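The following exercises concern ring pairing, helix burial and core packing. Please work through each task before reading its solution.

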Amino acid sequence: MEENLVDFEMDFEKLVSYATLKKVYKPIPEYPPIIEDLRVEAKPETPYRKIVSAIFSRSELISSVELIDEYEGKMTFRIIYQDRNKSLSNEDVTPIREKVIQSLKSKLRAKVG
């Protein structure tokens, strides 16, 4: 019977050097987000972080990008748009979505749909 074994080393001194007792409070947003799912088909060698970076770089109103599904080379990303100062409308998000799609198509040669 084969056993799966994982072996690793961890430098606790280095890990502790990054620890801090300072707490950062991030208030719950006052305005609701707009949540969209976007399916992306990129070349297999395209790193996941490049896709996420291409999405995030299109607007400061994109607060979160999360991979929620992957099937046969197609990835579905959940994009959350949120403004801390006002409620967003579809008219606010549409130009951002178009920039995201154009960026994915032109920079990564991805299919979006």
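The exercises below refer to this predicted model.

**Exercise 1.** Classify the aromatic pair found in a search of the whole structure, and state which elements it ties together.

*Solution.*
Step 1. The search yields one aromatic pair.
Step 2. The ring centres of Y48 and F77 are 6.0 Å apart and their planes lie at 20°. Planes under 30 degrees apart count as stacked, so the pair is stacked.
Step 3. Y48 belongs to helix α2 (residues 48-56) and F77 to strand β3 (residues 74-81), so the pair ties together parts 29 residues apart in sequence.
Step 4. Y48 is partly exposed, with a relative accessible area of 40%, whereas F77 is buried at 0%.

**Exercise 2.** Determine how the buried residues of α2 are arranged around the axis of the helix, and what covers them.

*Solution.*
Step 1. The buried residues of α2 are I51, V52, A54 and I55.
Step 2. Viewed down the axis of α2, these residues fall within an arc of 160°, so they line one face of the helix.
Step 3. Their cover includes β1 (34-41), β2 (62-71), β3 and α3 (90-108).

**Exercise 3.** Which residues touch the most other members of the largest nonpolar core, and which element gives the most to this core?

*Solution.*
Step 1. The core has 21 residues, of which I51, I55, I62, F77, Y81 and L104 touch the most other members.
Step 2. At least two residues of this core come from each of β1, α2, β2, β3 and α3.
Step 3. With five residues, α3 gives the most.
Step 4. Leaving aside residues up to four places away in sequence, I62 touches I55, F56, I79, I80, Y81, I96 and V100.

Definitions and conventions:
Residues numbered from 1 in each chain as written. Predicted model: local features only at pLDDT ≥ 70, side-chain atom pairs only at ≥ 80, totals over all residues. Heavy atoms only, no water. Phe/Tyr/Trp six-rings, centres within 6.5 Å; stacked < 30°, edge-to-face > 60°. Helix = DSSP H or I, 4+ residues; strand = E, 2+ residues; numbered from the N terminus. Buried < 20%, exposed > 50% of the residue type's maximum accessible area, 1.4 Å probe, protein only. Arc of directions from axis to C-beta. Contact = heavy atoms within 4.5 Å. Core = buried A, V, L, I, M, F, W, Y, C linked by side-chain atoms within 4.5 Å.
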